[in-house]
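Biologist: Before I use any of the terms for this structure, I would like to hear what stands behind each one. Could you take me through them?

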Amino acid sequence: MQYPPSINIVRVPCTGKVDVLHILRAFEKGADGVCVIGCLEGECHFNKGNIMARRRVVQAQSVLDTVGIGGQRAQMFNLSSSEAPQFVKYAQEITAKIKEMGPNPIKLAKSRAA
Amino acid sequence: MIVAEKKPIEEIIECLKDRKSVLVLGCNECVTVCEAGGKKEVGVLASALRMHSLNQGQEVRIDEVTLERQCDHEYLEEIRDVIDQYDAVVSLACGVGVQFMAETYGQTEILPGVNTCFMGATEKRGLWTERCQGCGQCVLAVTGGICPVARCAKRLFNGPCGGSTSGKCEISKEVDCAWQLIVDRLKALGRLDEFENLFPIKDWSTDRAGGPRKVVREDVQQ
């Protein structure tokens, strides 16, 4: 199975470790999209890390919409660690969505200013 | 503690138009507890402001500092050496902190980043409710620990009004009738007979209604 090469994986012990600032700073530095992939709801090994992650992704989406980057660039998916085909599907889905939205507007603004 | 709410980011962006160098200044006390102006909120706001300015193709310097609190001179001094580098400071402290900053650093524009709401407590995470209005003459000993100034919509002192229904205030079904709470509390304390005692006319001169106030303690002044 293969997933799109434009995806850069950052491993965390639980999506509960992902902070709002991690998501926002990725966009500050030019990321076109951020995808948080966590365990199925109700099956978090650390109880509810994935639930908290979803709330943080929602908060990040709101901030991104406000500043004109686009909240849809940050998404969260849930799957089980044994569901490799599902991971490939989500990876392809997010890649297609980001391609449709275009690059991070910050990158475009920087290149216009240069 | 003082409870505040974050201002909408759009409002802050509008205030910061044309500024090239901004300091986002948080406070580690009340606004941290009510999740409006602590280190985390400073980080999120600063990131949002950076992304907004980058999106406009502008180079704006946005720095982040969180002080222990902004209502004491000793903590405000911590940024004395750097404040001149900024066109504006967005202070996420309560109204007290914003004003104290403005008095201390009169040459720098100090802008508020939160809306200060009231003196209250955390009922549960995400829910803060008003408990005190600083009337200056605390009567909680008489009312079993429930404040008729802060919690009664009419600030009554001698029992409920005719609008009290099923323990709720007539202004909203979600607001408890303070006097119902007081009666229930006095009953639980075995002091219901005290309910009949008439409260004399309150001296409101120590309330905000009497003008801006101060507290002086000559015994501790240096």
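**Reasons behind the words**

Modeller: Gladly, and let us start with the overall form of chain A in this predicted model. For 114 residues, a compact globule would have a radius of gyration near 13 Å, and chain A has 14 Å, which agrees. Along the principal axes, its C-alpha atoms fill a box of roughly 45 × 30 × 20 Å.

Biologist: What elements does chain A have, and in what order do they run?

Modeller: Chain A has 4 helices and 2 strands, and from the N terminus the order is α-β-α-β-α-α. Of its contacts with a separation of 6 or more, 70% are between residues 24 or more positions apart.

Biologist: How do you know that the length of helix H2 of chain A agrees with its number of residues?

Modeller: H2(A) covers residues 49-66, and at 1.5 Å a residue, counted as one less than its number of residues, its 18 residues should span 26 Å. The C-alpha atoms at its ends are 26 Å apart, so the two values agree. Just after this helix, A:Gly68 has a positive phi of about 85 degrees.

Biologist: What makes you say that the buried residues of H2(A) line one face?

Modeller: A residue is called buried if 20 or more other C-beta atoms lie within 10 Å of its own. In H2(A) that applies to A:Asn50, A:Ala53, A:Arg56, A:Val57, A:Ala60, A:Val63 and A:Leu64. Viewed down the helix axis, the buried residues fall within an arc of 125 degrees, so they line one face of H2(A).

Biologist: What do the buried residues of H2(A) pack against?

Modeller: Within chain A, they pack against H1 (20-28), E1 (34-38) and E2 (74-78), and from chain B against H1 and H3.

Biologist: Which parts of chain B touch chain A?

Modeller: In total, 13 residues of chain B are in contact with 17 residues of chain A. Helices H1 (9-15) and H3 (39-55) of chain B each supply at least two residues to that side, and H3(B) has the largest share, with 9 residues. By type, this side of chain B divides into 5 nonpolar, 6 polar and 2 charged residues.

Biologist: Why is a group of residues called a nonpolar core?

Modeller: Its members are buried residues of nonpolar kinds such as Val and Leu, joined through C-beta atoms within 7 Å. The largest has 62 residues, and B:Val24, B:Val31 and B:Leu92 have the most contacts inside it. H3(B) gives the most to this core, 8 residues. Apart from it lies another core of 12 residues, including B:Cys135 and B:Ala178.

How values were computed
Residues numbered from 1 in each chain as written. Chains lettered and ligands numbered in written order. Predicted model: local features only at pLDDT ≥ 70, side-chain atom pairs only at ≥ 80, totals over all residues. Contact = placed C-beta atoms within 7 Å. Nonpolar A, V, L, I, M, F, W, Y, C, P; charged D, E, K, R; others polar. Arc of directions from axis to C-beta. Rg over C-alpha atoms; globule rule 2.2 N^0.38 Å.
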